[in-house]
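I opened a new page for this protein and wrote down what I looked up, entry by entry. The sequence and the structure come first.

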Amino acid sequence: MTNSIVRFAAWAAGIILALLALLAFSFVIRLYASLPQTSGRLELAGLRAEAQIVRDEHAVPHIFASNSHDAYYALGVAHAQDRLWQMEITRRALRGRLSEFLGEAGLESDIWFRTMGLGEAADTAVANLPPDVQGALQAYSDGVNAVISAPGFVAPPEYQILMFEPEAWTPGDTVTVYKAIALDLFGNAFSEPRLNALIEQLGEEQARQFMGRYPDETPRSLSMADLGLEDTPDAQYDEAIPTLGPNEEARDGSNNWVVSGRLTESGHPILANDPHLGLRAPAIWYLTRLTTPEGSTVGVTLPGTPFVTLGRNDHMAWGFTNTAPDVGDLHAVTEDAVIDSREEIIQVRFSDAVTITRRTTATGPVLDPEHFDYPVPEGADFLALQWMLDEPDDTTAGVGMRILSGENWDDFVNALRGFIAPQQSMVFAAVDGDIGLYAPARIPVRDESGAWVDIIPFEELPHTRNPERGFIATANNKIIPDGYPHYLTSDWYGVSRITRIYEGLETSERHTLSSMAELQYDTVSTVARNLLPVLLTATPQSPEGQRAIALLAEWDADMAIDIPQPLIFSAWMQHLGPAIYNDELGDQADRWVGYRQQFMEDVLLGDAAHWCADVETGEGACDDLLGPTLDAAMAELVQEMGGDIAAWQWGDVHYARHAHAPFSDIPLLAGLFTIETPIPGDGSTVNVAHHSWRRGDYAVVHAASYRALYDLGDLDSSLYMITTGQSGHFLSEHYDDLAPQWGRGDYIQIRTDWTPASAPEGSETLRLYPATP
């Protein structure tokens, strides 16, 4: 009897294992079945004429269509095939619907976004767009939906793992993607309470020192002459204390510059752009070529949107950096200020629905103290937000369409009149030789009480055309001269980057694509270069600290990937900074963890050395802190890296971490979906590569999300690179194939001198046909 039971149990176990293996095999087959069709023929409803998507060897889609409607439709097809999950999680986040498939893990985010009402604002904005823009968004949505509704469609792996199906895409969803980027570049209002607490702790003068000044000697991108204004001795306003400071870690930003033909070997302008954003898998951007009888446009698109955001057409090129204007305020209000109140029901997977009350005032949404941990002043009931992201007449989504058809500076400027948020410093170059900059957006004018009373007229926003010096460069630095008559922000940053960019542009009489590529990938830290003379006076007591001093004495401040000095310097800063300021910050210290580069220079090289003294006794000097903090940093590194200091390499620990949402946070899936790439640089270099002090490691979480160099003398020679790969499918060879090239500073070309009939070797052609009735 016992033997029979054992045999039966073994038989049953075998059957169960076989069934599990069959299920696993079926699941894997289904995962592979979700890879997109990239060749052959598709019949799709809503297409007006034949179109073709030719993917080159890097899977960049070259879209050929006989009209703009079908071009936008075909781009919707390509995005849905390659980036549907990325689009899905973006729109659900902005609409406060993550909990529907993530459960309670998405609840905090959903409460935040439901409160802000950005999904509703996006839908309202669509209704106010011009008819031709609405038509383009609808054509794009139809292309996306044609893929989702096609017979035999298999959803990407994320849907299968989380067990839910994609919903139809709408024009309002497209606008949510634009608002997601605007939100990513916004933040000063939400930093105000933290800054107020710092001022209460330190006093206004010390808080200003800690936040960091914008140095007088650091370049301003525009002069009064550039702006066509008379020079004045003083600014007409007092800048507030920055909420984040000139160099706080991991800030979204960018570099761009444009050089006129008289400074290039070719005699034609060159434009460079590399926007810096948080790293993601797949990449934030999607490389694209769109060709119709009207011409070609090449650059990067945002999955979920139909227009090339950064790129070039046959006549001009353009690139953006974040201007970081002060376009948000928190107002203390009472219940009487609430003009609308409604319940928002959040569906939570595997749990009960959660109901919140969404209140709004005349200026914007109320931050309910139950969900938002901001101190409410005595006498007030809530804080209410005022910002530009919920403007009902936001026409930003249509600006890209207007730019694509532009041919010259006047067309470019006219296209920007509908740009509401986020303010960007946009550089421009044209094949006719013109270069320029415009920084469009809706920027408030405040009265003495801080109330918004007007907006800066478009014609008075920062702009210039063909400046005398022959180039324009921005790096989130102060773009306006001190005499500019309007207040934009106090949050100018990018000090080290703009300094190095100006050095690169001014030290060569003739520039080429190669010299611009070298500058774009430059990894020399001006912060390290400036601090080294003082740091080298340290007298560490440990043999490891003394060895570190010897190595740093040989170093040229290049944050290169294959040497130990960048690691030693970075670890030292992480010990030295808190040793200088944590005693002053007291219980605020945990809220200000980060690399405060300008502050460190002012303390060690300028007039702020008193920060090194002990706050209790008033005794001590910066020299007293240098050696002990280096010893502590080296002891920590030896424990982590081993005792062979010369063998350490920055790239061993300093790697770009392209995180997938949400699977990079799930141990069993993180290895499949996360992409890691060793890269040089740090938060101060032109080739930005921020690591977070708060994370406690050197993984890079913020870097150049796209690099491009446009040659206006030969546009097909222009160069492009994104961070990971074109595909969002982890089983595709194009999920991470561009990551090593991006890490090395390489580029690819996206030429427009071929047709589907002469496609390069290695291309795949997908032919799209209108569905027969």
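Which residues are linked in a network of salt bridges? I found Glu-88, Arg-91, Arg-92, Arg-95, Arg-97, Glu-100, Asp-123, Glu-167 and Asp-173 linked in this way. I note here that the model is a predicted one.

**Entry: salt bridges**

I looked up the total and got 36 salt bridges in the structure. I then went through some pairs.

I began with Asp-123 and Arg-95, which form a salt bridge with their closest N and O atoms 2.8 Å apart. Asp-123 sits in helix H5 (residues 118-127) and Arg-95 in the loop between helix H2 (68-94) and helix H3 (99-102), so this pair ties together parts 28 residues apart in sequence. I checked the accessibility of both partners. Asp-123 has 38% relative accessibility, so I put it down as partly exposed. Arg-95 has a relative accessible area of 18%, and buried means under 20%, so Arg-95 counts as buried. Both residues also belong to the network that I listed at the start.

The next pair was Asp-394 and Lys-179, whose side chains meet in a salt bridge of 3.1 Å, N to O. I located Asp-394 in the loop between strand S14 (382-387) and helix H12 (396-404), and Lys-179 in helix H8 (residues 171-184). The two are 215 residues apart, and the pair links distant parts of the chain. Are these partners buried or exposed? Asp-394 counts as buried at 8% relative accessibility, and Lys-179 counts as buried at 3%.

I also looked up Arg-359 and Glu-335, whose side chains meet in a salt bridge at 4.0 Å, N to O. Arg-359 lies in strand S12 (residues 354-361) and Glu-335 in the loop between S10 and strand S11 (338-346), so the pair ties together parts that are 24 residues apart in sequence. Arg-359 is buried, with a relative accessible area of 18%. Glu-335 counts as partly exposed at 41% relative accessibility.

**Entry: the sheet**

I traced an open sheet of eleven strands. I wrote its strand order as S1-S27-S2-S3-S6-S7-S8-S9-S15-S16-S19, and the pairing is mixed. Which strands are at the edges? They are strand S1 (40-44) and strand S19 (463-465), each of which pairs on one side only. On average, neighbouring strands in this sheet are turned by 25 degrees against each other, direction ignored.

I reminded myself that strands of a sheet pair through backbone hydrogen bonds, either parallel or antiparallel. Then I picked one pair to follow. Strand S9 (residues 316-322) and strand S15 (residues 424-430) run antiparallel and are joined by seven bridges. In this pair I found Trp-318 opposite Phe-428 of S15.

I went back to the edge strand S1 and looked at Leu-44, which is found there. Leu-44 is buried, with a relative accessible area of 3%. From Leu-44 to Gln-546 I noted 69 Å in space, C-alpha to C-alpha, and 502 residues in sequence.

**Entry: cavities**

How many cavities of 30 Å³ or more does a search of the whole structure find? It finds six. I took the largest cavity, which has a volume of about 340 Å³. It is lined by 24 residues, and those closest to its centre are Ile-181, Thr-309, Phe-320, Phe-419 and Gln-424.

H8, strand S4 (253-259), strand S5 (270-278), strand S8 (308-312), S9 and H12 each supply at least two residues of this lining. H12 has the largest share, with four residues. By class I wrote down 17 nonpolar, seven polar and no charged residues for the lining of the largest cavity.

**Entry: the second largest pocket**

I looked up the second largest pocket and noted a volume of about 830 Å³. Its lining has 34 residues, and Glu-192, Ala-240, Asp-326, Asp-329 and Arg-446 lie nearest its centre. Helix H9 (188-202), strand S10 (328-333) and strand S17 (444-446) each supply at least two residues of the lining.

Which element gives the most to this lining? H9 does, with eight residues. I sorted the lining of the second largest pocket by class as well and got 16 nonpolar, nine polar and nine charged residues.

Conventions:
Residues are numbered from 1 along each chain as its sequence is written. This is a predicted model: local features need pLDDT of at least 70, side-chain atom pairs count only at pLDDT 80 or more; totals for chains, interfaces and linings use all residues. Side-chain values use heavy atoms; hydrogens and water are left out. Two strands pair if DSSP finds at least two bridges between them. Axes are lines fitted to C-alpha atoms, for helices over the stretch in contact, and angles run from 0 to 180 degrees between N-to-C directions. On a 1 Å grid over the protein atoms alone, a cavity is a set of points where a 1.4 Å probe fits but cannot get out, and a pocket is an open set with protein on both sides within 12 Å along at least five of seven lines; lining residues have an atom within 4 Å of a point. Grid points are joined across faces, edges and corners, and a volume is the space filled by probe spheres set on the points. Ala, Val, Leu, Ile, Met, Phe, Trp, Tyr, Cys and Pro count as nonpolar, Asp, Glu, Lys and Arg as charged, and the others, Gly among them, as polar. Buried means under 20% relative accessible area, exposed over 50%, partly exposed in between (1.4 Å probe, protein chains only).
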